[in-house]
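User: I'd like to learn how to read a fold like this one, feature by feature. Could you walk me through it?

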Amino acid sequence: MNFVLNSPSPELIEFFCFKNPSNGQKQQQYINALSPENVHEMLSFLDPDMSYEEWLTIGMALHSGGFGVHIWDEWSAKGNKYKQGECVKKWNGFSSSGSVSLGSLFHMAKQSGYRGSGSKEIKHTKELSFKNAYNDQPNHQYGFVSAGELTQNIRPPQWLINQYLEEHTLSCIFGKSGTGKSFISIDMACCIATGTSYHGYEVEQGAVFYIAGEGHNGIAKRLKAWEIRNDVSLESAPLFISKRPAQLCNLQNAQEVAHAVDELSRIHNQKPSLIVVDTLARNFGDGDENSTKEMNSFVNHIDFIKNEWNAAALIVHHSGLSDDGRARGSVALKGAMDHEYKVTKKGDFITLHSEKTKESEDPSDLNFKLVMTPVPHSEGNIPLKGAALVSIDQSSADTKGKLTPQQHKGFKILKASIHDKGKERLFSSDLKPIQSVTIEEFKEALKEGGIAKSNTTDAIRTAYKRIVGELVKQGLVIVSDDLIALLDNPDKMGQAEVTPPSIVDRQDNPL
């Protein structure tokens with residue numbers, strides 16, 4: 001009886017290719033009918049850092065079998081020897097009548113443990129191999145490489161975010177509750193998924209998988225606020241948010257996460273570039289963060305997930321209860337990090353500071369502030385807002401200490417006034433419309449806020465001049481003939497010069 005199959009079943013492959021290997025004709029028939037899924041399964045048993053000759057054989061086998069170069073390239077990219085564009089270059093030189101057939105791939109995979117039992121069983125085999133690795137039991141993937149070969153393949157750092165987040169590394173952001181850690185990680189994730197510059201730093205676009213510890217509604221507001229503030233859509237971006245936290249101290253849970261990532265990456269044809277775990281506490285499970293053994297298990301499971309695709313991993317964590325200068329829990333976490341960042345908050349200003357960079361110089365501090373942004377929603381007319389980060393310079397971050405109490409109070413009154421009465425107005429042709437209030441409205445708010453010793457016209461005018469003059473000098477506000485607004489994101493507002501302090505001395509704006 002003859003069978004004609006588009007994709008052989010696992011049972012038939014098992015019988016004709018393994019249990020009955022002497023039947024060469026049937027074996028070849030099913031090799032010729034292998035599907036892309038079968039080929040991906042075979043490649044999962046092979047090390048992309050194999051010898052150059054073996055690597056070429058894999059490419060020629062795929063070429064001979066009629067498969068696309070992308071399969072060879074995706075598999076090769078998992079290795080440390082990968083060079084972008086090399087697969088395509090070699091592929092175009094392969095002969096259609098070469099001596100290497102798809103059977104070569106089949107037999108190489110078979111020698112490495114492939115038994116044709118289907119994707120479910122193959123995943124189980126990989127899981128067992130993973131278990132053995134942490135029980136210090138030998139497996140067929142363990143090996144050595146010579147120092148000479150290593151020194152011939154040195155590469156400069158490959159950055160997802162230039163200077164701040166490196167490819168295929170493990171990083172941590174930690175800080176006290178409420179300092180903005182998650183806003184920073186969401187900001188990084190959105191920039192990478194969309195290829196948007198990270199506050200002036202170059203980004204390598206790629207798929208991001210975000211293992212979230214909180215509900216979708218809160219994250220949705222932050223994502224929408226990011227879209228609005230950056231004028232970039234996330235609609236088709238390869239940014240995926242988990243439906244629930246994952247207890248990553250547990251091996252089986254880590255494997256489930258890896259399988260979910262793998263499935264989505266195949267569906268969308270997007271290799272994961274970054275995996276975010278936010279926060280460690282919500283995704284740790286029932287283990288003890290202070291236990292070195294259990295923290296090592298957590299880190300090893302994160303490594304297992306990211307190493308499947310040479311992706312980077314970013315862990316969001318809380319600072320210590322008695323020592324906020326370090327991440328909470330076992331010091332094993334810090335020891336495993338390639339990059340570690342501390343987040344602090346002073347007043348309205350958030351600072352990201354590098355605590356550890358393993359293979360390069362520490363990058364400069366980054367300073368941000370959170371800006372509340374109205375976001376659309378589907379239910380009723382209740383106003384809804386989300387927060388997004390905007391970058392500021394260091395001098396602005398230190399402003400609170402430079403302002404007098406009266407100036408600081410006036411700044412808060414201005415922010416409240418813009419929040420309550422602000423409208424989008426055009427300051428000039430080279431600026432985008434921004435939320436602002438009239439100078440008259442701001443002076444009235446100062447009067448209501450008791451900013452001066454008396455509410456006379458001269459007292460309010462004097463208070464206004466002192467407050468706005470310093471705010472303009474600090475680069476916190478912009479003023480026109482009759483409007484005033486917060487200068488919280490100058491990069492989005494064009495290149496117009498900030499109005500000089502002298503404008504507040506004008507006397508043609510009486511109360």
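User: What is the strand order in the open sheet of 4 strands, and is the pairing parallel or antiparallel?

Analyst: A quick note before that: this is a predicted model, where local features need pLDDT of at least 70, side-chain atom pairs count only at pLDDT 80 or more, and totals for chains, interfaces and linings use all residues. Residues are numbered from 1 along each chain as its sequence is written, and side-chain values use heavy atoms, with hydrogens and water left out. Now the general idea: strands (E, at least two residues) and helices (H or I, at least four) are DSSP runs numbered from the N terminus, and two strands pair if DSSP finds at least two bridges between them. Here the order is β12-β13-β15-β14, with antiparallel pairing. At the edges sit β12 (423–425) and β14 (477–479), each pairing on one side only.

User: Which residue in β15 is the bridge partner of V437?

Analyst: That's I484. The strands involved, β13 (residues 434–438) and β15 (residues 483–486), pair in the antiparallel sense over 2 bridges.

User: Which helices lie across those strands?

Analyst: For angles, axes are lines fitted to C-alpha atoms, for helices over the stretch in contact (heavy atoms within 4.5 Å). The angles run from 0 to 180 degrees between N-to-C directions. Helix α18 (residues 405–421) lies across β12, β13, β14 and β15, running at about 100 degrees to β15. Helix α19 (residues 439–448) lies across those four strands too, at about 65 degrees to β13. As for the sheet itself, its neighbouring strands are turned by 45 degrees against each other on average, direction ignored.

User: How does β8 pair with β9, and over how many bridges?

Analyst: β8 and β9 (residues 349–357) are antiparallel over 8 bridges, and Y341 has S354 as its bridge partner in β9. Their hairpin has 2 residues between the strands, and G347 takes a positive phi near 65 degrees there. With β3 (residues 170–175), β8 (residues 339–346) pairs in the parallel sense over 5 bridges; F174 is matched with K342 in β8.

User: How many aromatic pairs does the structure hold?

Analyst: Rings of Phe, Tyr and Trp (its six-membered ring) pair if their centres lie within 6.5 Å; planes under 30 degrees apart count as stacked, over 60 as edge-to-face and the rest as tilted. There are 11 such pairs. One of them is F284 with F298, a tilted pair at 5.2 Å centre to centre and 35 degrees between the planes. F284 is in helix α13 (residues 280–284) and F298 in helix α14 (residues 292–307), so the pair ties together parts that are 14 residues apart in sequence. Ring pairs also link Y52, W55, W72, W91 and F94 into a cluster.

User: What does the side chain of S76 make a polar contact with?

Analyst: A polar contact is a pair of N or O atoms within 3.5 Å; within protein, one must be able to donate a hydrogen and the other to accept it, and residues adjacent in sequence count only if both atoms are side-chain atoms. For S76, the partner is the side chain of W55, at 2.9 Å. S76 is found in helix α5 (residues 69–76).

User: Is S76 buried or exposed?

Analyst: Buried means under 20% relative accessible area, exposed over 50%, partly exposed in between (1.4 Å probe, protein chains only). S76 counts as buried because its relative accessibility is 4%. Both F284 and F298 are buried as well.
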